[in-house]
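Visitor: Please take one part of this structure, examine it closely, and explain how it is placed with respect to the rest. I would welcome the reasoning as well as the values.

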Amino acid sequence: MARSWRWSNLYLAVVFVILYAPIAYLIVYSFNSGGTMTGFDGFTLEWYGEVLQDTRLLIIVLNTVIIALLSALVSTIIGTIGALAIYEVKRRSRQNVLLSLNNVLIVSPDVIIGASFLILFTILGIQLGFLSVLLSHIAFSVPIVVLMVLPKLQEMRTSMIDAARDLGANTWQVLTRVVVPYMKPGIFAGFFMALTYSLDDFAVTFFVTGNGFSTLSVEIYSRARQGISLSINALSTLLFLFTVALVIGYYFINRRNARAAEGGERR
């Protein structure tokens, strides 16, 4: 048993090294005064200052955050309603069909999704830019929210709903005072997942963005094609740290909700 435990930990360590070593390499060289990725000549914050003084880049950062927040909010609302609708379907076969349709955007390659949205927006005459990117991010975030919220609904005991109805609660009161509070952790999880997916997405955004509008992922790709610049490292580092902060925030919110739920059960 101990031997198996050691091998499993070694395997996890190798996986984490493979995943995080390139990111660590990128972060370290974002402080390199030499301006190259081949040798570390000294510590500097020059590249971060260059990023923060770039007005165009700051506008792109603002665009990215606005797109992420709006798409996460709208997709959380739509995804929560969708999860409730799937939960209300009583026949298991129909539930499986709806879940399969929901999962199409998750399992489909991003290139196919991006090309499909591009064709759709072209046919509908929607100009590529802020609106096209927002609609695309909402579309691929909704299935993620559904998958986050639906398990919480399935964990909920039907006796809670029956008890609320026996006490005279109407449908709206049951929804707002029993169902929604119970699935709140799933809603928060869906929101943060949608937010991080939107911030990190490149493939779909690359297809549906237009001239004069860009997001951070597309901008980093465009700058990387022009040649090696450690400002790209600095920009990528800031984006990575922001994503980590979101994950940590979600973790603490989830812990607080779990403690609140445990407290409610004890009462």
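Guide: A contact here means that heavy atoms lie within 4.5 Å of each other. By that criterion, residues 24 or more positions apart make up 72% of the contacts in the protein with a separation of 6 or more. The model is a predicted one. The protein has 13 helices and zero strands, and its C-alpha trace spans about 70 × 60 × 35 Å along the principal axes. Of its 267 residues, 35% count as buried.

The part chosen for the close look is helix α4, which covers residues 92–102. Its buried residues are Gln95, Leu99 and Asn102. They point to the same side of α4, because they cover an arc of only 55° around the axis. A general property of helices bears on this: an α-helix has 3.6 residues a turn, so residues three or four places apart point the same way. The buried residues of α4 pack against three other helices, namely α3 (55–88), α5 (104–107) and α7 (130–155). Each of these partners can be followed in turn.

The first partner to follow is α3. This helix also meets α10 (residues 184–200): the axes of the two come within 8 Å and cross at roughly 140°. The crossing of α3 and α10 is right-handed. On the α3 side, the residues in contact include Thr64, Ile67, Ala68 and Leu69, together with Ser71, Ala72 and Leu73. Further α3 residues in this contact are Ser75, Thr76 and Thr80. The α10 side contributes Ile187, Gly190, Phe191, Ala194, Leu195, Ser198 and Leu199. Helix α3 is thus a partner of the buried residues of α4 and is also in contact with α10.

The partner α5 contains Val104. With a relative accessibility of 40%, Val104 counts as partly exposed, because this value falls between the limits of 20% for buried and 50% for exposed. Val104 is 116 residues from Ile220 in sequence, and their C-alpha atoms are 28 Å apart in space. Ile220 is itself touched by Ser236, which also touches Leu26, not counting residues up to four places away in sequence. Ser236 belongs to helix α13 (residues 230–266). Its relative accessible area is 16%, so Ser236 is buried.

The partner α7 leads to the aromatic residues. A search of the whole structure finds 11 aromatic pairs. One of them joins Phe130 and Phe213 edge-to-face, with 5.9 Å from centre to centre and 90° between the planes. Phe130 lies in α7, whereas Phe213 lies in the loop between α11 (203–208) and α12 (216–225), so the pair ties together parts that are 83 residues apart in sequence. The two rings fall into separate accessibility classes: Phe130 is partly exposed at 34% relative accessibility, and Phe213 is buried at 11%. Another pair is formed by Phe202 and Phe206, whose ring centres are 5.4 Å apart and whose planes meet at 35°, so this pair is tilted. Phe202 counts as partly exposed at 28% relative accessibility, and Phe206 is partly exposed as well, at 40%. Ring pairs link Phe202 and Phe206 with Phe207 and Tyr221 into a cluster. A ring is involved in one further arrangement, in which Lys152 lies over the face of Tyr182, at 5.3 Å from the ring centre.

For a view of another part of the chain, consider helix α2 (residues 46–52), in which Leu52 is found. Leu52 counts as exposed, because its relative accessibility is 55%. Gly49 lies in α2 as well, but Gly49 is partly exposed, at 23%. Leu52 and Thr243 are 191 residues apart in sequence, with 18 Å between their C-alpha atoms. Gly49 and Asp201 are 152 residues apart along the chain, and 25 Å separates their C-alpha atoms.

To return to the chosen part, the buried residues of α4 are Gln95, Leu99 and Asn102. They lie on the same side of that helix, and they pack against α3, α5 and α7.

Note on methods
Residues are numbered from 1 along each chain as its sequence is written. This is a predicted model: local features need pLDDT of at least 70, side-chain atom pairs count only at pLDDT 80 or more; totals for chains, interfaces and linings use all residues. Side-chain values use heavy atoms; hydrogens and water are left out. Buried means under 20% relative accessible area, exposed over 50%, partly exposed in between (1.4 Å probe, protein chains only). Helices (H or I, at least four residues) and strands (E, at least two) are DSSP runs, numbered from the N terminus. The arc is that of the directions from the helix axis to the C-beta atoms. Rings of Phe, Tyr and Trp (its six-membered ring) pair if their centres lie within 6.5 Å; planes under 30 degrees apart count as stacked, over 60 as edge-to-face and the rest as tilted. A charge sits over a ring if NZ of Lys or CZ of Arg is within 6 Å of the ring centre and within 35 degrees of the ring normal. Axes are lines fitted to C-alpha atoms, for helices over the stretch in contact, and angles run from 0 to 180 degrees between N-to-C directions. A crossing is left-handed if the near helix is turned anticlockwise from the far one by less than a right angle, and right-handed if clockwise.
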